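Got your viewer open and a selection box ready? Here is a short tour, one stop at a time, with what to pick and what you'll find there.

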Amino acid sequence: QVQLVESGGGLVQAGGSLILSCAASGSTFSRNTMGWYRQAPGKQRELVAGISVGGTPNYADSVKGRFTISRDNAKNTVYLQMSSLKPEDTAVYYCNARVPVTSILSNTYWGQGTQVTVSS
């Protein structure tokens, strides 16, 4: 059973920084595509950043230049470094893993979420 445990959320002032961590277990982490999503009240869950098996990142336009996603395969952990935070970044942030089952199929898993609140 794949488990994802996020940590690092909290309350921060606008312009501040936070680092989120997601520790994964129950799969071969190095084979998983990992990502961070967020969901603000009344809004749909959206992709914030993703990182491929090979370490290639991709970002939502709204966070480019401010957020950095990285992975440490030795620690089975993916990170989201957030800087220059804005009140509109306030949301519950979820870790996501796509675990390959076959060459074309994968299963998706979610963490429990961690709250990030940015005050103005």
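Start by selecting arginine 66 and aspartate 89: their side chains form a salt bridge, with an N to O distance of 2.8 Å. Keep in mind as you go that this is a predicted model. Arginine 66 sits in the loop between strand 6 (57-59) and strand 7, and aspartate 89 in the loop between strand 8 and strand 9, so this pair ties together parts that are 23 residues apart in sequence. Buried or exposed, these two? Both arginine 66 and aspartate 89 are buried.

Keep that pair on screen and add Arg38 and Glu46, since salt bridges with shared partners join Arg38, Glu46, Arg66 and Asp89 into one network.

**The other arginine on Asp89**

Zoom in on arginine 38. Its side chain meets that of aspartate 89 in a salt bridge too, at 2.9 Å from N to O. Arginine 38 belongs to strand 4, while aspartate 89 is in the loop between strand 8 and strand 9, so to speak a long hop along the chain: 51 residues apart. Colour by accessibility and arginine 38 comes out as buried, because its relative accessible area is 7%, under the 20% cut-off. Aspartate 89 has a relative accessibility of 1%, so it counts as buried as well.

**A salt bridge between exposed residues**

Next, select lysine 64 and aspartate 61. Their side chains meet in a salt bridge at 3.1 Å, N to O. Here both lysine 64 and aspartate 61 are exposed. The count of salt bridges in the model comes to four.

**The aromatic cluster**

Now show the rings of Tyr37, Tyr94 and Trp110, which ring pairs link into a cluster. How many aromatic pairs are there? The count is two. In one of them, the ring centres of tyrosine 37 and tryptophan 110 are 4.9 Å apart and the planes stand at 70°, so the pair is edge-to-face. Tyrosine 37 is in strand 4 and tryptophan 110 in strand 10, which puts the partners 73 residues apart and makes this a link between distant parts of the chain.

Stay on tryptophan 110 and turn to tyrosine 94. These ring centres are 6.5 Å apart with the planes at 90°, so this pair is edge-to-face. With tyrosine 94 in strand 9 and tryptophan 110 in strand 10, the pair ties together parts that are 16 residues apart in sequence. For accessibility, tyrosine 94 is buried at a relative accessible area of 14%, whereas tryptophan 110 is partly exposed at 38%.

**Into the core**

Hide the rings and select Met34, Trp36, Val78, Leu80, Met82 and Tyr93. Of the 29 residues in the largest nonpolar core, these touch the most other members. To see where the core is drawn from, colour the elements that give two or more residues to it: strand 3 (18-25), strand 4 (33-39), strand 5 (46-51), strand 7 (67-72), strand 8 (77-82), strand 9 and strand 11 (114-119). Which of them gives the largest share? Strand 9 does, with five residues. As background, nonpolar side chains in soluble globular proteins tend to be buried together.

Take methionine 82 as a centre and expand the selection around it. Setting aside neighbours within four places in sequence, methionine 82 is in contact with Gly16, Ser17, Leu18, Leu20, Arg66, Phe67, Tyr93 and Val116. You have met Arg66 already, as a partner of aspartate 89 in a salt bridge, and Tyr93 is one of the core residues that touch the most other members.

**Two backbone oddities**

If you have a phi/psi plot to hand, find asparagine 76. Its phi is positive, about 55°, although it is not a glycine. Asparagine 76 is placed in the loop between strand 7 and strand 8 and is partly exposed, with a relative accessible area of 27%.

Then move to serine 84, another residue other than glycine with a positive phi, near 50°. Look for serine 84 in the loop between strand 8 and strand 9. Its relative accessible area of 39% makes it partly exposed.

**Last stop: the surface**

Finally, switch on the surface and pick Val101, Ile104 and Leu105. Together they make a nonpolar surface patch of about 340 Å². Isoleucine 104 is in the loop between strand 9 (91-100) and strand 10 (106-110), and counts as exposed because its relative accessibility is 75%.

Definitions and conventions:
Residues numbered from 1 in each chain as written. Predicted model: local features only at pLDDT ≥ 70, side-chain atom pairs only at ≥ 80, totals over all residues. Heavy atoms only, no water. Patch = residues over 30% accessible without salt bridge, like charges linked within 9 Å, V, L, I, M, F, W, Y side chains within 5 Å. Areas by Shrake-Rupley, 256 points an atom, 1.4 Å probe, with all protein chains shown as cover. Helix = DSSP H or I, 4+ residues; strand = E, 2+ residues; numbered from the N terminus. Buried < 20%, exposed > 50% of the residue type's maximum accessible area, 1.4 Å probe, protein only. Core = buried A, V, L, I, M, F, W, Y, C linked by side-chain atoms within 4.5 Å. Contact = heavy atoms within 4.5 Å. Phe/Tyr/Trp six-rings, centres within 6.5 Å; stacked < 30°, edge-to-face > 60°.
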